[in-house]
Amino acid sequence: MPELRNPPGTFDVLPSESGPWQEMLSTFASTAGAAGYELIVTPTFEDVGVFTRIGESTDVVRKEMYDFVDKGGRHVALRPEVTASVVRAFIQHRPVTPWKAWYAGSNFRFERPQAGRFREFHQVGIEAFGSSDPDLDVEVVTLGWDFFARLGIKGVDLLVNSLGDAACRPAYRQKLLDYLMARRGDLCEEHRGRVEENPLRVLDCKREACRAQTAGAPLQVDNLCDSCAAHFERVTAGLSALSVPYRVEAHLVRGLDYYTRTTFEYAGTMLESSQNALGGGGRYDGLVQAMGGPPTPAVGFAIGVERTLLALGATGTSPRPPARLHAFVVDFAGGDAARDITRELRQAGLRVDRAFDDRSPKAQFKAADRSGARFALVVGPDEAAASQVAIKDLSGGEQHPVGRGDLLETLRAMLGAGSEASLPGRSHPGYNRTP
Ligand code: AMP
C-alpha cells in the first residue's frame with residue numbers, strides 16, 4: 001500500500017512544534033480583545049456566490065478557488081479568504097453597528113506551492129463595520145502593528161495608500177488606463193491581455209516589464225477627491241501621532257478588488273520580496289452593499305499565520321513556549337493512584353500527565369523526564385499501602401513522602417514561583433520547510 005501523505009501545499013504542525021503557533025494565536029486574541037473586537041466563527045465553506053461577489057476579476061476567485069458541487073447539488077467553495085464570510089454573516093444577522101469582530105482560521109487557494117505560499121494556509125484578522133471615521137482606520141492599522149510588536153518581530157514595514165472612492169476612482173481609473181493602453185505592448189504578458197479588465201492591478205505587478213512602464217504612471221493619491229484626500233490625511237496624521245512608522249506606497253493596490261480609500265500592507269523585510277507580505281487590508285465601504293446588505297462602511301485586515309511565524313523565526317525572536325507540566329505521576333502499584341491523582345490535580349488547575357500500559361518503574365521515570373515535568377509523583381506498593389505519594393524533584397534531589405490528603409497543598413507550595421519555567425527550544429515545523 002502506498003504511504004499516505006498530506007496533500008501538496010499543506011503541512012502538519014506537530015504537538016512538539018505547535019507552541020509558537022498557539023502563543024501567536026493567543027497574542028492575537030488578547031490584542032484584538034483589548035480593543036473591543038470579539039471572536040467570530042463562520043463556516044469554512046460557503047455558497048460560491050459569497051466569494052464570486054467579492055470580484056470576478058480577482059485571481060483568488062477566478063483561478064484559485066476550491067469550488068465544487070456537493071452531493072446535495074449545491075455549488076460551494078472552500079473559503080479563499082474570511083472577509084467575504086464575515087460580510088455575509090453581517091448581512092444575514094443584521095447586528096447593531098459599530099460591530100467589531102476578530103477571527104482565526106484556514107483558507108484555501110489553489111496556488112503553486114512554494115516557500116511561504118500554501119494551498120491551505122491560516123489567517124488571523126479583524127473587521128470593523130459601521131463607521132467611515134478615519135480614526136477607525138488608524139485603530140485597525142495600529143492594532144496589526146502592535147500585534148507584530150508584541151510578538152517581538154523586527155523589520156516590519158508598514159505601507160499605506162489610498163485607492164479613492166466611487167467619486168474619484170472612475171476618473172482616475174480611466175486616466176491610468178489611457179496611460180497604460182499607450183504602453184500596452186511593453187507590459188508583461190499577463191497584463192497585456194488583462195489591462196482593461198483591471199488597470200490598477202498593473203501598478204503592483206512585480207514583473208520588470210510592468211514596473212518599467214508604471215514608474216511614471218498617474219497615481220491615485222495624486223488624484224483623490226477632497227473628501228478622500230481629507231480622509232487619507234487624517235489617517236496618516238493619526239499614525240504619525242501614535243508613532244507608528246509608515247511609508248506611503250502609491251503603487252500598493254492589493255489583490256482583492258473591493259478596497260476603497262485606505263489600503264495597507266505589513267511587509268516583512270526579512271522575507272523574500274515576492275512572499276514578504278505578512279498581512280494587509282483596507283477599507284471596503286462598498287462591499288456590504290455590493291453583497292446585498294445596507295450601505296455600511298467597513299475596514300479590516302488579514303495577517304498570514306505561517307508568514308508571521310516565518311518572520312518570527314527569521315528575526316530570531318520566539319514567542320514564549322507553552323508552560324511545562326507541573327507533575328508526572330509514576331504509579332507502579334496498579335494504576336489506581338495515577339488515575340485518581342491526575343484527575344484531582346487537573347481539576348485543581350495543575351498540568352499533570354502520566355504513563356499508561358502498566359510500564360516498568362524505569363520506563364515511567366524515563367517518560368517523566370522526557371515530559372519536562374518539574375516533579376514526579378511516585379506511588380509504589382509501599383506508598384499505596386501507606387496512602388502516601390513520594391514527590392521527587394526531577395532536576396535532582398530527594399523524594400519527599402506526603403499523605404495523599406496533603407498532596408495538592410504540598411505540591412502547590414513546592415511549585416511556588418518557578419512553576420512557569422519554559423521548555424527547551426522547538427524543532428522546525430511544516431510551514432518552515434520548502435514544499
Ligand atoms: P490576502 O488575503 O491575499 O490579502 O492575504 C493576506 C495575508 O495572508 C498575506 O499577506 C499572507 O500573509 C497570507 N497569505 C495569502 N495567501 C497565502 C498563501 N497561499 N499561503 C500562505 N499565506 C498566504
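In the predicted model, the ligand is surrounded by 14 residues, of which R109, E111, F118, Q123 and R254 are the closest. By residue class, this shell divides into five nonpolar, four polar and five charged residues. Three strands, β6 (120-129), β10 (277-283) and β11 (298-304), each supply at least two residues of the shell, and the largest share, three residues, comes from β10.

Polar atoms of the ligand are approached by both side-chain and backbone atoms of the protein. Among the closest residues, E111 places an N or O atom of its side chain 2.5 Å from a nitrogen atom of the ligand, while a polar side-chain atom of R254 lies 2.3 Å from a ligand oxygen atom. The backbone also takes part, in that an N or O atom of the main chain of A277 is found 3.0 Å from an oxygen atom of the ligand. Taken alone, the ligand exposes 480 Å², and the protein buries 93% of that area.

As regards helix packing, two packed helices are described by the angle between their axes together with the distance between the axes. For helix α5 (residues 134-151) and helix α10 (residues 226-241), the axes come within 8 Å and cross at roughly 40°. Because angles of 35 to 65 degrees fall outside the roughly parallel and roughly perpendicular ranges, α5 is classed as oblique to α10. The crossing in which α5 passes α10 is right-handed.

Note on methods
Residues are numbered from 1 along each chain as its sequence is written. This is a predicted model: local features need pLDDT of at least 70, side-chain atom pairs count only at pLDDT 80 or more; totals for chains, interfaces and linings use all residues. Side-chain values use heavy atoms; hydrogens and water are left out. A residue is near a molecule or strand if one of its heavy atoms lies within 4 Å of it. A polar contact is a pair of N or O atoms within 3.5 Å; within protein, one must be able to donate a hydrogen and the other to accept it, and residues adjacent in sequence count only if both atoms are side-chain atoms. Accessible areas come from the Shrake-Rupley method with a 1.4 Å probe; for residues, only the protein chains shown count as cover. Helices (H or I, at least four residues) and strands (E, at least two) are DSSP runs, numbered from the N terminus. Ala, Val, Leu, Ile, Met, Phe, Trp, Tyr, Cys and Pro count as nonpolar, Asp, Glu, Lys and Arg as charged, and the others, Gly among them, as polar. Axes are lines fitted to C-alpha atoms, for helices over the stretch in contact, and angles run from 0 to 180 degrees between N-to-C directions. Angles under 35 degrees count as roughly parallel, over 145 as roughly antiparallel, 65 to 115 as roughly perpendicular and the rest as oblique. A crossing is left-handed if the near helix is turned anticlockwise from the far one by less than a right angle, and right-handed if clockwise.
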